[in-house]
Amino acid sequence: MAQATTTIKQVLNHQADHGSWFAANQALFNRVAAFYFEVIQAHENVLDLSNKDALTALEKLTHTTQSNPHPVMPLCEIQEDIPAMFRRAAINAALGSARSFSSHLARWRKRKEKAEAKGKQFHERPPVPPRSWNKSVTLYMGLWKERSNSSLVIKVWTGTCWSWVKVRITGRELPPGAEMGSPSLVRRGNQWWLHTPVEKQFKSPGNIEEQVTTNAQTKMCAVDLNIHENLAVCTIQTVEGTILATKFIHGGREISGFRKKLLGRIARNRHKTGIIAEGEQDNADLWNTIRNVDEQVAHLVSARIVQCAKEHEATVLVFEHLGTLKPAKGKYSHRGNSKRAYWMKGRIFKYCQYKAYNEGILTSRVNPRNTSRECARCQSLVARYDTGKPPEGYTYGAPLVSCHQCGMKGNADRNASLVIGQRLVMRYQKNGEGKPPTPLLVERVSRDTGVVVSQDAGCKEGPSIPSAGHGDSNEHGTAQETGTGMVAPVSDIPCQLRLLLE
Ligand SMILES: [Zn+2]
């Protein structure tokens, strides 16, 4: 069984003065966490214990009870009457920080030793313990009750006493039957949110190599990400090469135009004010807007890619590795724009990875070399050109491709996504199927980097076998232009990405 965790975020609607209670509650939580961090620093061997044993040890050091009347570092010096579950949540927060700090420190010491052993000067500064604490309060069992879809009662420190407060919650409801973790009380600006981790169990998807090598009907969703109008083009294809569907996700021009406008405004503001203060963000609101819109688009696009894969029952999602960022020339707004468009591609991939994993779909990346220059049908180099121009040469970013070898004509991004899908299959095609390997192909494929599967999603996938020879090109170049061209947009999501522009 595999497991995926999502966080359900809900807005808290509460009386105005309760906001200051939540703030007081959080401040106390962080004081307690900081206190325990100190205790751990004074008793470092605590970190050798498991979290559970460390908790017991730390309570013994700090918590006054009848059997433990004089703890070494009493917590009651911070505050009396802290509920046990509040204390334990703070201890676990402190333990997390302490473990992270300690491993950073250990790594730093190792680097230092290594440098000194080589007789080099070592200038890197050691990691420092957290100077300030700003953790959100985790509400363990016993600190909340009577949870419904619209309200919840929580226990908070109001600044003067402990009190049960009823709050209304709005936003996404908890999925029925999901396993719920401890919610936390999170502050965003002046707004308080309830974040609830939810765990979902599902059957583990088989690893990609197995899926590709054992079943020729395995469906893959190959995605070509772009920075021009077609932000993403997905093609659903089977391992043996049948193309089942194509989906274009537009909206690139809109987001790019929007960004350009704001970047232009930032440039003009900078020109007016002259000097930019060091270490201070200028035009903070404009930057925030750009960032938020980029995030929003990345989430929308990734959600639609995964939905497309899911609808066609694809079990593997394939991307190409992101190339290196080529800095664009031209005006500030243009340079900044292409840089952000490039970052957005990375974010779309990242979001696809976890969204797909939650649906039991694995993600992989292939070598990006020449994906848009190669013919999906015969692997020879294609001409790329603008509408109304002769089909020759290679115009970067142009919408059409034409292959002089086999006569294939079509959309350039769609062709690229087909090539991306075929590359994944090629990687696993074993040598010795009776056909001699094509030298060109060997050279190209063996440079291929290993499968990058969502490691952070908890999936372990070994790198591909860099064996020479991946079969004859004709074998997997059977992709035909089957006329499936464009597929009607999925009905339950809007065709155009709607941006919340200004
Ligand atoms: Zn061709």
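Begin by selecting helix α5, residues 252-273, together with helix α6: their axes come within 10 Å and cross at roughly 165 degrees. Since angles over 145 degrees count as roughly antiparallel, the two helices, α5 and α6, are therefore roughly antiparallel to each other. The crossing of α5 past α6 is left-handed. Before going further, keep in mind that this is a predicted model.

To see what makes this contact, show the side chains of Ile-255, Phe-258, Arg-259, Leu-262, Arg-265 and Ile-266 on α5, which meet Leu-286, Thr-289, Ile-290, Val-293 and Val-297 on α6. Colouring the contact of α5 with α6 by class gives eight nonpolar residues, one polar and two charged.

Next, keep α6 (residues 284-311) in view and add the strands β9, β10 (232-238), β11 and β12, across which this helix lies, running at about 15 degrees to β10. These strands belong to an open sheet of five, whose order is β11-β10-β9-β12-β13 and whose pairing is mixed. Which strands stand at the edges of the sheet? They are β11 (243-249) and β13 (362-366), each of which has a single partner strand, so that one side of each is left without a neighbour in the sheet. Following the sheet across, the twist from one strand to the next averages 20 degrees.

Within the sheet, select β9 (residues 219-225) and β12 (residues 316-320), which run parallel and are joined by three bridges. For a specific pair to centre on, take Ala-222, whose bridge partner in β12 is Val-318.

Now move to another pair of helices, α2 (residues 51-62) and α3 (residues 84-117), whose axes come within 10 Å and cross at roughly 115 degrees. Here α2 passes α3 in a right-handed crossing. On the α2 side the contact is made by Asn-51, Ala-54, Leu-55 and Leu-58, and on the α3 side by Arg-88, Ile-91, Asn-92 and Leu-95. By class, the residues where α2 meets α3 divide into five nonpolar, two polar and one charged.

Finally, colour the chain by pLDDT, which averages 81 over the chain, with 84% of the residues scoring at least 70. Then select residues 431-497, where the pLDDT is below 50, although this stretch has 107 contacts in the model beyond near neighbours in sequence.

Conventions. Residues are numbered from 1 along each chain as its sequence is written. This is a predicted model: local features need pLDDT of at least 70, side-chain atom pairs count only at pLDDT 80 or more; totals for chains, interfaces and linings use all residues. pLDDT is the predictor's confidence in each residue, from 0 to 100. Two residues are in contact if their C-beta atoms, placed from the backbone, lie within 7 Å. Two strands pair if DSSP finds at least two bridges between them. Helices (H or I, at least four residues) and strands (E, at least two) are DSSP runs, numbered from the N terminus. Axes are lines fitted to C-alpha atoms, for helices over the stretch in contact, and angles run from 0 to 180 degrees between N-to-C directions. A crossing is left-handed if the near helix is turned anticlockwise from the far one by less than a right angle, and right-handed if clockwise. Ala, Val, Leu, Ile, Met, Phe, Trp, Tyr, Cys and Pro count as nonpolar, Asp, Glu, Lys and Arg as charged, and the others, Gly among them, as polar. Angles under 35 degrees count as roughly parallel, over 145 as roughly antiparallel, 65 to 115 as roughly perpendicular and the rest as oblique.
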